[in-house]
Amino acid sequence: MSLKFSSAADRLMDKANMLKSKDLYPFFRQIGDSEGTVVKIDGRDQIMIGSNNYLGLTHHPHVKEAAIKAIEKYGTGCTGSRFLNGNLTIHEELEEKLATYLGHEKALIFSTGMQTNLGALSAICGPRDCMLFDSENHASIIDASRLAMGTTFKYRHNDMESLEEQLEANIDRFQKVIIVADGVFSMTGDIANLPEMVRLAEKYGAYIYVDDAHGIGVMGEKGAGTMNHFGVTDKVHLNMGTFSKSFASIGGVLSGDAETINYVKHLARSFMFSASMAPSAVATVSACIDVINEDDTLHEKLWDNVQFMRNGFQEIGFYTYNSQTPIIPIFIGDDVKSMLVTKFLSDHGVFATPVVPPAVPKGEALIRTSYMATHSKSELTKVLEVFAKAKKEFDLPSTMGH
Ligand code: PMP
């Protein structure tokens, strides 16, 4: 017998059940096989445009071989936290490699990106501190604010006037004020205005924490992140990244100055009381950095594909927001329509996911699409053809105002 839940939870389940009964439920789809850009679902091939595998490294032979070798040397898991019995030489080696790659003094690796934000933000934001959040920050940052003892205020999405108002109102009320923003926003694919954020942080004496989950591996020179893209690496106090996207693995990294990282290492509960990254996951990330450093064509191919798709969608007449990255959202509007379109795409061999309220405001459902260095032009051309058909079939909007 089920436990009792809130009426909001009941409404959510009713909606999920309604969608399932109409064969429109787009979540938890089972992937049978994966070759990176193509996955098998119900025995049928689908072109994957719903993944964060931006560099396509999940299937790179050198990366796979490194993971296998790590299992052979260290076994499959660490069975404990770094703090106690789970601190391998390769964890520390990876931290050094990441610090060099990102351009910060020190790096600390966590077992997931979510845990990185939960642990780091709750460690740095004590009862006398305050965090200023972009209104579109990732869920893990919001949950971190629930764990942190400090206070949180929001500013309007990427609106630096709104941020300045919050700085003015709060800078004298707290011991420290930390501006927290995604480097690349995960749903809309736009980039944080880091240069202006740096100027404001210096003007008011605030700190900057960037969640660059979608930026590391992608933005800047050799993928050294959004802070590198803007040339402000030394002005970003703490930078966070995950390995669950470009680095083809699972885990997260926090980088910054040695002293702050050492504090976080001894305060972040999600770091101290959770098992360390599995050896194969560590070796995967390390091998990805080697491949990135050696192969100059990866980023060329990625940005070429991104340009091709952004132009293609705009030619068909879709509204793609202010996307400047491999994440290209397609505005749909009505949330049920976004499910119908997702099903249509799937029936025509394309895997993408809808983003519906409460993840976006009511009436602003979108289909989130994202691209890899390894997509071929023929795969991408097919995707555009299917979207062009969907536009006609469902009379999809060309602007946000319709
Ligand atoms: N931050 C952002 C912006 C993300 O998009 C995600 C994952 N979707 C995370 C943090 C959490 O990363 P992980 O998957 O490694 O837990």
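Helices and strands here are DSSP runs, counted from the N terminus, with at least four residues for a helix and at least two for a strand. With that settled, open the predicted model and start at a loop.

**Stop one: a loop with an unusual backbone**

Select the stretch between strand E6 (151–155) and helix H6 (160–170), and you will find Asn158 in that loop. Its phi is near 55°, a positive value in a residue other than glycine. Most residues other than glycine have a negative phi. Is Asn158 buried or exposed? Asn158 has 21 other C-beta atoms within 10 Å, and because the cut-off for burial is 20 or more, Asn158 counts as buried.

**Stop two: the chain's later part**

Now jump to the segment after helix H14 (377–394), where Asp395 sits. Here too phi is positive in a residue other than glycine, near 50°. The surroundings of Asp395 hold 8 C-beta neighbours inside 10 Å, so this residue counts as exposed.

While you are in this part of the chain, select the loop between strand E13 (353–355) and strand E14 (365–370), which contains Pro358. Look at the peptide bond that joins Pro357 and Pro358: it is cis, with omega about 10°. Most peptide bonds are trans.

**Stop three: helix H1**

Go back to residues 7–21, which make up helix H1. Try a distance between its end C-alpha atoms: they are 21 Å apart. Why does that agree with the expected span? The helix has 15 residues, and at 1.5 Å a residue, counted over one less than the number of residues, the span should be 21 Å, so the two values agree.

How many of the 15 residues of H1 are buried? The number is zero, so H1 lies largely in the open. Following H1 you meet Asp23, whose phi is positive, near 60°.

**Stop four: a four-stranded sheet**

Next, show the open sheet whose four strands run in the order E1-E2-E3-E12, with mixed pairing. Colour the edges: strand E1 (33–34) and strand E12 (350–351) each pair on one side only. Then zoom in on E1 and strand E2 (residues 38–41), which run antiparallel and are joined by two bridges. Ser34 stands opposite Val39 in E2, a handy pair to label.

**Stop five: two domains and their contact**

Colour the chain by domain: domain 1 takes in 23–52 + 296–394, and domain 2 covers 59–294. Taken over C-alpha atoms, the centres of the two domains are separated by 27 Å. Where they touch, 18 residues of domain 1 are in contact with 14 residues of domain 2.

On the domain 1 side of this contact, select helix H12 (297–316) and strand E11 (327–333), each of which supplies at least two residues. E11 gives the largest share of that side, three residues. Colour the domain 1 side by class and you will see nine nonpolar, seven polar and two charged residues.

**Last stop: the ligand**

Finish by centring on the ligand, which is surrounded by 14 residues. Which of them are the closest? Label Gly113, Met114, His138, Ala213 and Thr242. By class, the shell divides into two nonpolar, ten polar and two charged residues. To see which element gives the most to this shell, select helix H4 (residues 113–124), with three residues.

How values were computed. Residues are numbered from 1 along each chain as its sequence is written. This is a predicted model: local features need pLDDT of at least 70, side-chain atom pairs count only at pLDDT 80 or more; totals for chains, interfaces and linings use all residues. A residue is near a molecule or strand if its C-beta atom, placed from the backbone, lies within 6 Å of it. Ala, Val, Leu, Ile, Met, Phe, Trp, Tyr, Cys and Pro count as nonpolar, Asp, Glu, Lys and Arg as charged, and the others, Gly among them, as polar. A residue is buried if 20 or more other C-beta atoms lie within 10 Å of its own, exposed if 12 or fewer, and partly exposed in between; C-beta atoms are placed from the backbone. Domain bounds come from an automatic or database domain assignment. Two residues are in contact if their C-beta atoms, placed from the backbone, lie within 7 Å. Two strands pair if DSSP finds at least two bridges between them.
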